[in-house]
Amino acid sequence: MLLFFKSSAIITTSPIFLSLSKITPPISLLHFSTMTSINLQSHCFAGNRIKAKIPKSNDLYSPNSALETLKSHLLGSTHDVLSPKFQVLPFRKGRPLTGFHGASQNWHLGWLSLGDCKGLLADSIVELKEESLVYLGSRSEEDSVYWAIDVSQDDTLVDELAKKFMSFVELRTLMVATDWSNSIAMADLAVAGHARALLEWHNISRFCGHCGSKTLPMEAGRRVQCTNELCNKRIYPRVDPVAIMLVIDRENERALLSRQSRYVPRMWSCLAGFIEPGESLEEAVRRETWEETGIEVGEVVYHSSQPWPVGPSSMPCQLMIGFFAFAKSLEINVDKTELEDARWHSKEEVKKALLVAEYEKAQKTAAAKVEQICKGIKASPNLSLDFNTESGELAPMFIPGPFAIAHHLISTWVFQGVPASASGGPHTHPSGSLSNL
Ligand SMILES: [Zn+2]
């Protein structure tokens, strides 16, 4: 569903927000009017092309048909001429296999062909443990079906792959290292994010939550099912929605940014929190803001959403749902158990923390480190920390890079102002508002 469209910036979103699209004004994802213009087709981790259309069960590329063909190839000696090409992406402890293009100076996913799999993944596929194999999607125009496999138990694989200059790299590191103007790299990141989310979900879904029995993967890993015949529950991957909001003091042109103790020094970002049972999205925005900062919110306006597969492994399927939230009160009372600090920041102050050159430099630094890892040169175990520290040294404050929805909420406010339909003030209910729902 096309939600926002303005010149070169497009955001797609899920059907759940179809009704909101009628009342939300056009907002481009990112537009630096006086600086550098960066055009994103979608948020980082969104825009997954191979997942867009899952074929029906009678199709050669469908999950069940493709799994049967894959099994017969790996375990037998079938040479079916009608078989699509299989591409398999190994993961180890949540990290995708990654290689590095010398020419383009960027990373690529380490897809293995069926031939590679027979050689390199011999141990993993002797019994073809279906728990570790998931269907990711297909591209019939490329005659390909894509899979992810968890090879965390295979200790010999790392050395074998190192000979091919490939390594297992943290997804967060790849996220920082990705050139956001490179649509191919952004598409790869979306595929890797989906794959990681699914594999991690399988890791925490080994037992039925209803009766406690073991589960087994079904439909090529797209769901699991309880093995207790009396229960037989079908369990599907579901997302954990997180509301993320930029709270705005409209009258004084300020935004509320906060720090958590886990942030590196000088990094400030939006407030965020989980949606609780029994509340709407806009109620969650108001409750979280009140609990964490003591500020009352009136209007709540939807901006966009972003899959977030790089959170804690216990919550691999987070969806960040971004809002502008307009303050009705201004006095801050920080809940120190949740936040280290929260302050109002002027537009000028925030604009200085949005320097494109710094993000580009940080991206290149991270890309160089991915290259080192792929070539087997030891690097810092936490590259995202390096990125943030580096940016922090260059400015008195900084906000997360273009890979995060927080960046786009903040930059939209700085460079485009608040949505036009929300300009009626906190006590009115213009058509762009959710406050009267
Ligand atoms: Zn059960």
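Along the chain, the donors of the zinc ion are spaced as C-x2-C-x14-C-x4-C. This is a predicted model, in which local features need pLDDT of at least 70 and side-chain atom pairs count only at pLDDT 80 or more, while totals for chains, interfaces and linings use all residues. Residues are numbered from 1 along each chain as its sequence is written, and side-chain values use heavy atoms, with hydrogens and water left out.

The protein donors turn out to be the SG atoms of Cys208, Cys211, Cys226 and Cys231, 2.3 to 2.4 Å from the zinc ion (donors being N, O and S atoms within 2.8 Å of the metal, or 3.2 Å for Na, K and Ca). Angles among the four donor atoms run from 96 to 115°, and the site is tetrahedral, a label for four donors with all angles between 85 and 135 degrees. Cys211 and Cys231 count as partly exposed, at 34% and 23% relative accessibility (partly exposed lies between buried, under 20% relative accessible area, and exposed, over 50%, with a 1.4 Å probe and protein chains only).

Away from the metal, the largest nonpolar core has 59 residues, and Leu136, Met175, Leu246 and Ile410 have the most contacts inside it. Such a core is a set of buried Ala, Val, Leu, Ile, Met, Phe, Trp, Tyr and Cys residues joined through side-chain atoms within 4.5 Å. At least three of its residues come from each of domain 1 (63–204) and domain 2 (240–355 + 396–422), with bounds from an automatic or database domain assignment. Another core, of 22 residues, lies apart from this one and includes Leu97, Leu114, Tyr135 and Ala220.

Methods: Tetrahedral: all angles 85-135°; square planar, octahedral: opposite > 155°, others 65-115°.
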